[in-house]
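Please open the structure in your viewer and keep the selection tool ready, since this tour moves from one selection to the next and says what is there at each stop.

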Amino acid sequence: MTYQETVNWMFSQLPMYQRQGKTAFRKDLSNTLKFSEYLNFPERHFKSVHVAGTNGKGSTSHMLASVLQEAGYRVGLYTSPHLKDFRERIKINGKPVSKMFVAGFIKRNRPFFKANQLSFFEMTVGMAFDYFFKQQVDIAIIEVGMGGRWDSTNIITPELSVITNIGLDHTQFLGDTLEVIAFEKGGIIKANVPVVIGETQKETKLIFEDLARKANSNIVFADQEPNQVLASDLKGPYQSKNIKTVIQAVTTLKNIGYIITDLQLKSGLLHVVKNTGLLGRWQVLGENPKVVCDTGHNREGLAYTMRQLQHEIFNKLHLVFGVVSDKDISSIADLLPKEATYYFCKPDIPRGKDATELKLTLSEFGIRGEAYNSVSEAYNNAFKNASPNDFIFVGGSTFVVAEII
């Protein structure tokens, strides 16, 4: 198969949470462990940092990778989901995995996938670990897909575990209280492996401290440390928390023998996009009118981006907005500015929420707009209606951003 045929097969044949929802989530690592054994345990042959959290884990992972690259390390980076191309998920020093490797990996292991009914995520994690091992990375930054305890990435024993924060997201899988979700995400804490927590939250602090004590792991809360304030090319006030988390993570890595200078730390934070190719984090797509997209999609993520909007100067605000079908609209409606003009759309995935349904639901909260047949139609109408001094924001779902970026 060609690369594109391979990717099409992966998406069509295997369950994938991002597209299908609950049917693709398994509270079981047996398939991942079986596949790892089949691949001769690649994750045991490279060092890693494991990053979990409700918000900020993607930005934090990319920042860490950028800093380590500036320090001269050969850095693997595994993240999800992708925006434009599957290969964005697996990178080394910012360069995506080759199309040839993806196609070859699937071809070699396809009988195993079929025989064991691996999920999309189980298969992709195995691919990333195999690639990092074969490419002999010095260290890999591994972002958790969802949760932590039962996530397919959780077969690694990292140098460091990082948990950015805890919010109410994916509650149908992880639980409906911050305490329960913290326990699930805290499942990445390993015996004798230091852990950095990005944000101190009264509901979750004791959970993390208890898990760390039982694992004999040193735990540090980054926002409680006297860290310096450093700048990053990832914009938005919400990135300040991620920067503090990264600074503390780097401090911990230095304490266990990694050589990273202050200059390399600063340079890494300032060149995240160039070094890693990160997309979709308060990304400016145009001026006059100013167009910004952001992949924040749960309550905490949207709260950050809506606060950032308040710092912008414009005449009128236009929101191109779409969500997935299992999104609890009532949990985010109060965050959305009522004075904006909305262009509702359905992301082009089976799990996308119908634009007309979204319009009707949000109208109950005093939010008005029109429904469009596609993301591109919604975006084009926003652009047509906006004057040069207006502001267009595109978001609500990673998949909406992916279609216009």
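Begin by selecting Val 196 and Val 220, where you will find that Val 196 stands opposite Val 220, a residue of strand E8. As you look, please keep in mind that this is a predicted model. Now widen the selection to strand E7, residues 195–197, together with E8, and you will see two strands that pair in the parallel sense over 3 bridges. Strands of a sheet pair through backbone hydrogen bonds, and they do so either parallel or antiparallel.

Next, select the whole sheet to which these strands belong: 8 strands form an open sheet in the order E4-E3-E2-E5-E1-E6-E7-E8, and the pairing is mixed. Strand E4 (95–96) and strand E8 (219–221) stand at the edges, and each has a single partner strand, so one side of each is left without a neighbour in the sheet. Then add helix H4, residues 57–70, which packs on this sheet and touches strand E1 (47–52), strand E2 (75–78), strand E5 (139–143) and strand E6 (160–163). The direction of H4 makes about 170° with that of E5.

Two loops of this region deserve a stop. Most residues other than glycine have a negative phi, and most peptide bonds are trans. With that in mind, select Ser 80 and Pro 81, which are joined by a cis peptide bond with an omega of about -10°; Pro 81 is found in the loop between E2 and strand E3 (90–92). Then select Asn 93, which has a positive phi of about 50° although it is not a glycine, and which lies in the loop between E3 and E4.

Now move to the other sheet of this tour. Here 6 strands form an open sheet in the order E9-E10-E14-E11-E12-E13, and the pairing is again mixed. Which strands stand at the edges? They are strand E9 (283–286) and E13, each with a single partner strand, so one side of each is left without a neighbour in the sheet. Neighbouring strands of this sheet are turned by 20° against each other on average, when direction is ignored.

Walk through this sheet pair by pair. Select E11 and strand E14 (residues 391–395), which pair in the parallel sense over 5 bridges, and pick out Val 320, whose bridge partner in E14 is Val 394. Go on to strand E11 (residues 317–321) with strand E12 (residues 341–344), a pair in the parallel sense over 4 bridges, where Leu 319 stands opposite Tyr 342 in E12. After that, select E12 with strand E13 (residues 369–371), which pair in the parallel sense over 3 bridges; the bridge partner of Phe 344 in E13 is Ala 371.

Helices come next. If you add helix H14 (residues 355–363) to E12 and E13, the selection shows a right-handed β-α-β unit. Helix H13 (residues 299–309) lies across E11 and E14, and runs at about 175° to E14. Helix H15 (residues 375–385) also packs on the sheet, touching strand E10 (290–293), E11, E12 and E14, and its direction makes about 175° with that of E11. Before leaving, select Asn 288 and Pro 289, which are joined by a cis peptide bond with an omega of about 5°; Pro 289 lies in the loop between E9 and E10.

The following stops are pairs of helices. Select helix H10 (residues 239–255) and helix H11 (residues 262–270), which pack at an angle of about 145° with their axes 12 Å apart, in a right-handed crossing. The contact is made by Ile 243, Val 246, Ile 247, Val 250 and Lys 254 of H10 and by Asp 262, Leu 265 and Leu 269 of H11, and these residues divide into 6 nonpolar, no polar and 2 charged.

Then select helix H3 (residues 30–38) and helix H6 (residues 120–134), whose axes come within 10 Å and cross at roughly 35°. Asn 31, Thr 32 and Phe 35 of H3 meet Glu 122, Met 123 and Gly 126 of H6 in this contact, which has 2 nonpolar, 3 polar and 1 charged residues.

Finish with the aromatic rings, for the structure holds 22 aromatic pairs. In one of them, the rings of Phe 35 and Phe 105 have their centres 5.9 Å apart and their planes at 70°, so the pair is edge-to-face. Phe 35 lies in helix H3 and Phe 105 in helix H5 (residues 99–116), so the pair ties together parts that are 70 residues apart in sequence.

Methods
Residues are numbered from 1 along each chain as its sequence is written. This is a predicted model: local features need pLDDT of at least 70, side-chain atom pairs count only at pLDDT 80 or more; totals for chains, interfaces and linings use all residues. Side-chain values use heavy atoms; hydrogens and water are left out. Axes are lines fitted to C-alpha atoms, for helices over the stretch in contact, and angles run from 0 to 180 degrees between N-to-C directions. Contact means heavy atoms within 4.5 Å. Ala, Val, Leu, Ile, Met, Phe, Trp, Tyr, Cys and Pro count as nonpolar, Asp, Glu, Lys and Arg as charged, and the others, Gly among them, as polar. Two strands pair if DSSP finds at least two bridges between them. A crossover is right-handed if, with the strands pointing away from the viewer, the path from the first strand over the helix to the second runs clockwise. Rings of Phe, Tyr and Trp (its six-membered ring) pair if their centres lie within 6.5 Å; planes under 30 degrees apart count as stacked, over 60 as edge-to-face and the rest as tilted. A crossing is left-handed if the near helix is turned anticlockwise from the far one by less than a right angle, and right-handed if clockwise.
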